[in-house]
Amino acid sequence: MTRRTPGIPSEAVARLEDRLRQPEVRPEEKRKRAGGVDEVHILWTSEGMSCDGDTVSITAAMQPSLEDVLLGAIPGLPKVNLHNKVLHPSLGGEEFMRPFHQAANDQLDAPFVLVVEGSIPNENINGDGYWTSMGNDPATGEPITLNTWIDRLAPKAWAVVAIGTCATYGGIHAMAGNPTGCMGLADYLGWDFRSKAGIPIVNVPGCPVQPDNFMETLLWLLYQAAGLSPMIPLDEALRPTWLFGKTVHEGCDRAGYYEQGDFALDYNSPKCQVKIGCWGPVVNCNVPKRGWMAGIGGCPNVGGICIGCTMPGFPDKFMPFMDEPPGGRLSSTMTRSYGTMIRKLRGITNQTVNKEPKWRHNNTELTTGYDPRWSR
Ligand code: SF4
Ligand code: SF4
Ligand code: SF4
């Protein structure tokens, strides 16, 4: 019999009790019902023009950690096999290369996510040599260029992810005057590229990538492979919208100083750094809000100017790094004109609210304004 609970309709209570009586559906069962995959390989190449900084960064991830994903500690995820030359438990060499060859030959036993780290050089202009390679061709013994690996693997991948700004947009290696013709993955494959599962290239920029930003993106894709999450939402630069939808400035600890027109003139100051080179107001990045490791850090919060490392225009459009951004000069001048006045007015109000009301005393007279007639 359904109990009566004051204020809650008895039908609603009955529905809830009925639902509680149903056996709990385990995440693995949900995955099966959704037609999701049980196992995924991650083929991770850092053989682009790269410093391996993004691979190293991932070792600091906590939301989730790489270990939790690989050890199956997160409910509902497919089994994940990681193939990364630094993070992989194999001995390297041919053993490391085997799954890449298998994937290229359609012999891998499960779908794979291709992760590309590092800028992609243009092998059409490599002269008599090559810019960068990974492993050798078993038939010829010749090095296999990164371009060839991308040509072979990207069309067969369940999803393709670019990690770090070098892989996403070209980064430092793609600066004006570079000899390699370096570019980002979308410049190479085409911005309208779709993976085997119909997913656009997923860009997770940063130099290096913020570790939890990458792991959270990977988690979304793994849940999508499991059939438990919808299509990953991406912006025009192919970045996950929930991570890159806000500016650095909107999450910066120093934004209150900016608003009051109070600017740092050297790097020892806790004030807003726009006059000494910070591009935060126009850069999409969540690092000041999220921090770097375990919520700690986040460039401008801890004294570093934002140099726009997550942006397609990085680095050329943000140089010279230590100079005041041109737009910053105009906006900070305008902010200073009213911010100085607001700061003074707030100073007066601040002094007022720092004092207790005058009726709190130990005298013999009540001065609170209490009037017994009010209670009648
Ligand atoms: Fe290194 Fe930065 Fe390029 Fe990543 S984006 S490979 S950290 S230079
Ligand atoms: Fe904005 Fe940079 Fe100033 Fe922070 S330091 S408030 S991001 S301009
Ligand atoms: Fe890069 Fe700026 Fe974000 Fe720091 S705050 S990670 S410099 S975009």
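This is a short dialogue on how to read some features of a predicted model.

Visitor: Where should I look for the nonpolar cores?

Guide: Start with the general idea. In soluble globular proteins, nonpolar side chains tend to be buried together. In this model, the largest nonpolar core has 51 residues. Those with the most contacts inside this core are F112, V113, A159, V161, L185 and L222. Helix 9, residues 211-225, gives the most to the core, with 7 residues.

Visitor: What is A159 in contact with, leaving aside its neighbours within four places in sequence?

Guide: A159 is then in contact with V113, S195, A197, I199, V202 and L221. There is also a second, separate core of 24 residues, and C252, W279, I307 and F318 are among them.

Visitor: Is V353 buried or exposed?

Guide: The way to read this is to count the other C-beta atoms within 10 Å; a residue with 12 or fewer is exposed. V353 has 7, so it is exposed. V353 lies in helix 13, which covers residues 326-353. As for distance, the C-alpha atoms of V353 and T241 are separated by 41 Å, and the two residues are 112 apart along the chain.

Visitor: Which residues surround the ligands, beginning with ligand 1?

Guide: Read a shell by its members, then by their classes. Ligand 1 is surrounded by 13 residues, the closest being G53, G164, C166, C207 and P208. By class, 5 are nonpolar, 6 polar and 2 charged. Helix 3 (53-58) and helix 7 (164-169) each supply at least two residues of this shell, and helix 7 gives the most, with 3 residues.

Visitor: How many residues surround ligand 2, and which are the closest?

Guide: There are 14 residues around ligand 2, and the closest are H249, C252, C272, C278 and G280. The shell around ligand 2 divides into 10 nonpolar, 3 polar and 1 charged. C252 also appears in the second core.

Visitor: How many residues of each class are in the shell around ligand 3?

Guide: The shell around ligand 3 has 9 nonpolar, 3 polar and no charged residues. Its members include G206, V248, C285, P288, C299, I307 and T310. I307 is also listed in the second core.

Visitor: In what sense do strand 4 and strand 5 pair?

Guide: To read a pair of strands, look at the sense, the bridges and the link. Strand 4 (residues 133-136) and strand 5 (residues 143-145) pair in the antiparallel sense over 2 bridges. S133 has T145 in strand 5 as its bridge partner. The hairpin has 6 residues between the strands, and G141 takes a positive phi near 75° in this hairpin.

How values were computed
Residues are numbered from 1 along each chain as its sequence is written. Chains are lettered from A and ligands numbered from 1 in the order in which they are written. This is a predicted model: local features need pLDDT of at least 70, side-chain atom pairs count only at pLDDT 80 or more; totals for chains, interfaces and linings use all residues. A residue is near a molecule or strand if its C-beta atom, placed from the backbone, lies within 6 Å of it. Helices (H or I, at least four residues) and strands (E, at least two) are DSSP runs, numbered from the N terminus. Ala, Val, Leu, Ile, Met, Phe, Trp, Tyr, Cys and Pro count as nonpolar, Asp, Glu, Lys and Arg as charged, and the others, Gly among them, as polar. A residue is buried if 20 or more other C-beta atoms lie within 10 Å of its own, exposed if 12 or fewer, and partly exposed in between; C-beta atoms are placed from the backbone. A nonpolar core is a set of buried Ala, Val, Leu, Ile, Met, Phe, Trp, Tyr and Cys residues joined through C-beta atoms within 7 Å. Two residues are in contact if their C-beta atoms, placed from the backbone, lie within 7 Å. Two strands pair if DSSP finds at least two bridges between them.
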